[in-house]
Amino acid sequence: DPTRIKQIILNLVGNAIKFTDRGNVRVTLRPEKSERPDMPSFSIIVEDTGIGIAEDKIGMIFEKFVQGDSSINRRYGGSGLGLAITKMLAQLMNGNISVRSRVGEGSVFTVTLSLPLARLEAAQREEDVFLSVSGGPKVLIVEDHDANLLVVTTFLSAWGYDYDIARNGQQAVRNAAKMDYAAVLMDVQMPEMDGLEATRRIRDHEKTEGKERCIIIGMTAHALPADRDRCTAAGMDDYIAKPFDPNRLKTMLTRQVKAG
């Protein structure tokens with residue numbers, strides 16, 4: 001799975017570089033013993049000479065919105081989602097992640113996976129793998145935040161959905177005009193054009209062109225009743241708060257797509 005493996009490496013290397021002021025970051029790919037020749041095992045090891053992690057914090061760093069120190073976010077930035085997402089990606093491929101670290105001496109992150117060999121005819125260009133994953137019903141994801149996008153695409157792939165990506169409301173309107181989507185996952189707050197205005201324009205275009213109405217599900221960090229009312233008034237069919245519950249989103253998609 002080149003997409004998820006690349007995302008794992010980018011997350012770990014990005015973290016290592018961010019927290020390493022001097023020294024080096026080393027990435028190693030190491031073959032491991034495997035009982036099945038069609039399921040080779042390997043480890044991705046990312047080692048740095050950075051600030052390290054306190055022993056009493058190591059057990060917490062893979063949790064969402066947790067960083068190794070309360071001062072880390074102020075100094076280095078970040079949401080504390082990177083390692084939680086990396087762990088989730090590894091687990092989706094039946095793998096695991098571990099870490100060894102000492103304060104002031106750096107960290108070593110190891111991801112171990114066992115994966116089936118890819119069929120040669122199934123190979124795709126890298127950009128195609130990221131932009132659209134072949135599969136079931138096609139969903140348009142409208143999201144400008146990389147971490148949120150990574151979470152949504154990972155789960156959609158696991159559930160068998162095909163998807164396209166739009167980074168802002170204007171792109172979403174253009175995509176929806178050209179393609180008939182089973183559903184649109186619409187971020188509400190975005191640059192250039194927000195999700196509410198994008199939804200209104202999509203609905204206007206559907207009426208003007210006589211197109212079938214697509215399912216639009218709003219996704220936002222705000223979960224007040226007034227926010228739901230605004231989403232509904234703009235023409236959205238449903239609404240889910242972020243960070244979203246994967247099971248709830250899956251149920252919502254299944255219900256809405258079948259209903260549509």
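Where is Glu143 found? Glu143 sits in the loop between strand E5 (138-142) and H5. Before we go further, please keep in mind that this is a predicted model. The briefing below starts from that loop and then walks through charged pairs, aromatic rings, cysteines and a nonpolar patch on the surface.

**Glu143 and its partner**

- Although Glu143 belongs to a loop, this residue is buried, with a relative accessible area of 3%.
- The Glu143 side chain has a polar contact with the side chain of Lys242, at 3.1 Å.

**Salt bridges: the overall count**

- How many salt bridges does a search of the whole structure find? The search gives 14, and three of these pairs are described below.
- As a reminder of the chemistry, side chains of opposite charge can pair when their charged atoms come close.

**Salt bridges within a helix**

- Arg203 and Glu206 form a salt bridge, and their closest N and O atoms are 3.1 Å apart.
- Both residues belong to helix H7 (residues 195-209), and because they are three residues apart there, about one helical turn separates them.
- Is Arg203 buried or exposed? Arg203 is buried, at a relative accessible area of 7%.
- Its partner Glu206 is also buried, with a relative accessible area of 7%.
- Helix H8 (residues 225-234) holds another such pair, Arg230 and Asp227, which are three residues apart and so separated by about one helical turn.
- The closest N and O atoms of the Arg230 and Asp227 salt bridge are 2.4 Å apart.
- The two ends of this bridge have different surroundings: Arg230 is partly exposed, with a relative accessible area of 44%, whereas Asp227 counts as buried at 10% relative accessibility.

**A salt bridge between distant parts of the chain**

- Asp238 and Arg255 meet through their side chains in a salt bridge of 2.9 Å, N to O.
- This pair links distant parts of the chain, with Asp238 in strand E9 (residues 238-241) and Arg255 in helix H9 (residues 246-259), 17 residues apart.
- Asp238 is buried, with a relative accessible area of 12%, while Arg255 counts as partly exposed at 44% relative accessibility.
- There is also a network to look for: salt bridges that share partners join Arg203, Glu206, Arg213 and Asp237.

**Aromatic rings**

- A search of the whole structure finds two aromatic pairs.
- Phe155 and Trp159 make a tilted pair, 5.5 Å centre to centre with 35° between the planes.
- Why is this pair called tilted? Its angle is 35°, which means it falls between the cut-offs of under 30 degrees for stacked and over 60 for edge-to-face.
- Phe155 itself counts as buried, at 14% relative accessibility.
- Phe155 and Phe244 form an edge-to-face pair, with 6.2 Å centre to centre and 70° between the planes.
- That second pair links distant parts of the chain: Phe155 lies in helix H5 (residues 146-158) and Phe244 in the loop between E9 and H9, 89 residues apart.
- Phe244 counts as buried too, at 9% relative accessibility.
- Together, Phe155, Trp159 and Phe244 form one aromatic cluster.

**Cysteines**

- How many disulfides are there? The count comes to zero.
- Cys214 counts as buried at 11% relative accessibility.
- Cys231 counts as buried as well, at 3% relative accessibility.

**A nonpolar patch on the surface**

- Which residues make a nonpolar surface patch of about 230 Å²? The patch is made by Ile17, Val25 and Val27.
- Ile17 is placed in helix H1 (residues 2-18).
- Ile17 is exposed, with a relative accessible area of 52%.

**Tyr163 and Ala183**

- Tyr163 has its place in strand E6 (residues 162-166).
- Tyr163 is buried, with a relative accessible area of 2%.
- From C-alpha to C-alpha, Tyr163 and Ala183 are 9.6 Å apart in space, and they are 20 residues apart in sequence.

Technical notes
Residues are numbered from 1 along each chain as its sequence is written. This is a predicted model: local features need pLDDT of at least 70, side-chain atom pairs count only at pLDDT 80 or more; totals for chains, interfaces and linings use all residues. Side-chain values use heavy atoms; hydrogens and water are left out. A salt bridge is a side-chain nitrogen of Lys or Arg within 4 Å of a carboxyl oxygen of Asp or Glu. Helices (H or I, at least four residues) and strands (E, at least two) are DSSP runs, numbered from the N terminus. Buried means under 20% relative accessible area, exposed over 50%, partly exposed in between (1.4 Å probe, protein chains only). Patches are made of residues with over 30% relative accessible area and no salt bridge: like charges are joined within 9 Å, nonpolar side chains (Val, Leu, Ile, Met, Phe, Trp, Tyr) within 5 Å. Accessible areas come from the Shrake-Rupley method with a 1.4 Å probe; for residues, only the protein chains shown count as cover. Rings of Phe, Tyr and Trp (its six-membered ring) pair if their centres lie within 6.5 Å; planes under 30 degrees apart count as stacked, over 60 as edge-to-face and the rest as tilted. A disulfide is a pair of cysteine sulfur atoms within 2.5 Å. A polar contact is a pair of N or O atoms within 3.5 Å; within protein, one must be able to donate a hydrogen and the other to accept it, and residues adjacent in sequence count only if both atoms are side-chain atoms.
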